[in-house]
Amino acid sequence: MGRRQESKFAGPRSKGRNQATRQPRDRFLIVAGGMTEGEYFEYIRQSLSNTPLKLDVESKGRNPAALLRRAIDLRDEDRLEARRNNDRQNVYKKVWVVTDTDDFAGELMNIAPEASSAGIDLIISNPCFELFMVLHDYAHGRYCETSQIQTVAKSKGMLTGSNNKSIVLDKIQGNFERAEVFSQQLRQRHEQDCRSFPDDNPSTSVDTVIRTLIESARRSIPGFEHTL
């Protein structure tokens, strides 16, 4: 996303480990690298707030290596708190680091082994998160620079604000499954063409995070239908 900005969604919410009131639930953590991502995942959190799953979101302007370190720290703190409360099963089921490629391709390749070893998934958009926004509207399949896809997102009315970092939710709500299909098609095309990161522009795996959350909700609430 170019220059990183700190989001107002700047930290995980309370874990709610009160032994008297806690009910079994899937808990997830997202550590993301920008304001737009923070707004999007807050929208997801609120949209799924009537389900038993618990989603914590931290979004700050950091490079991928710093995001990974932060995710590991938060995950380890969460495990320590669980042990202290004799509640070892109430830990994050999944931890994701959501980041753009931008100018970080080399850094992302360097931290990939550490992320894998730590059990943390790197969710990468190439070139940037705004690609996933655009896929809610149409199947963008051409190579693009960050500034180009941000311009497309702005032209579609998906972004607003002084720096075009705030999401216009009306432009994406109800279109997740379209974005999911288009994201899958991009990954399949790169796989067929034997292209892997960082040569997989355009591509994104943000949809896999949302699908995991939806399926978690459906396991808890049979017949659950999302509005994403």
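**A tour from Lys94 to the cores**

Begin by selecting Lys94, which counts as partly exposed because its relative accessibility is 31%. Keep in mind throughout that the model in the viewer is predicted.

Now add Asp121 to the selection, and look at how the side chains of Lys94 and Asp121 meet in a salt bridge, with N and O 3.1 Å apart. Lys94 belongs to strand β3 whereas Asp121 belongs to strand β4, residues 121–126, so the pair ties together parts that are 27 residues apart in sequence. Asp121 is itself partly exposed, with a relative accessible area of 28%.

Step back to Lys93, which at 48% relative accessibility is also classed as partly exposed. Which residue forms a salt bridge with Lys93? Select Asp26, and you will find the closest N and O atoms of the two residues 3.5 Å apart. Because Asp26 sits in the segment before β1 (27–32) and Lys93 in the loop between α2 (64–84) and β3 (94–100), this pair ties together parts that are 67 residues apart in sequence.

Move next to helix α7, residues 206–220, where Glu215 and Arg211 are four residues apart and therefore separated by about one helical turn. Their side chains meet in a salt bridge, at 3.1 Å from N to O, and Glu215 is partly exposed, with a relative accessible area of 31%. If you extend the selection to Glu177, Glu180, Arg218 and Glu225, you will have, together with Arg211 and Glu215, one network joined by salt bridges that share partners. Across the whole structure, a search finds 17 salt bridges.

Stay with α7, but turn from charged side chains to nonpolar ones. The largest nonpolar core has 41 residues, and those with the most contacts inside it are Tyr40, Phe41, Ile44, Ile210 and Leu213. To see which elements contribute, colour β1, α1 (35–47), β2 (54–59), β3, α4 (130–134), α5 (146–155), α6 (176–192) and α7, each of which supplies at least two residues of this core. The largest share, six residues, comes from α7.

Which residues does Ile210 touch, when those up to four places away in sequence are not counted? Centre the view on Ile210, and show Tyr40, Phe41, Ile44, Phe176 and Leu228, which are the residues it touches under that condition.

Finish the tour at a second, separate core, which has 19 residues and in which you can select, among others, Tyr92, Val97, Ile111 and Ile120.

Technical notes. Residues are numbered from 1 along each chain as its sequence is written. This is a predicted model: local features need pLDDT of at least 70, side-chain atom pairs count only at pLDDT 80 or more; totals for chains, interfaces and linings use all residues. Side-chain values use heavy atoms; hydrogens and water are left out. A salt bridge is a side-chain nitrogen of Lys or Arg within 4 Å of a carboxyl oxygen of Asp or Glu. Buried means under 20% relative accessible area, exposed over 50%, partly exposed in between (1.4 Å probe, protein chains only). A nonpolar core is a set of buried Ala, Val, Leu, Ile, Met, Phe, Trp, Tyr and Cys residues joined through side-chain atoms within 4.5 Å. Contact means heavy atoms within 4.5 Å.
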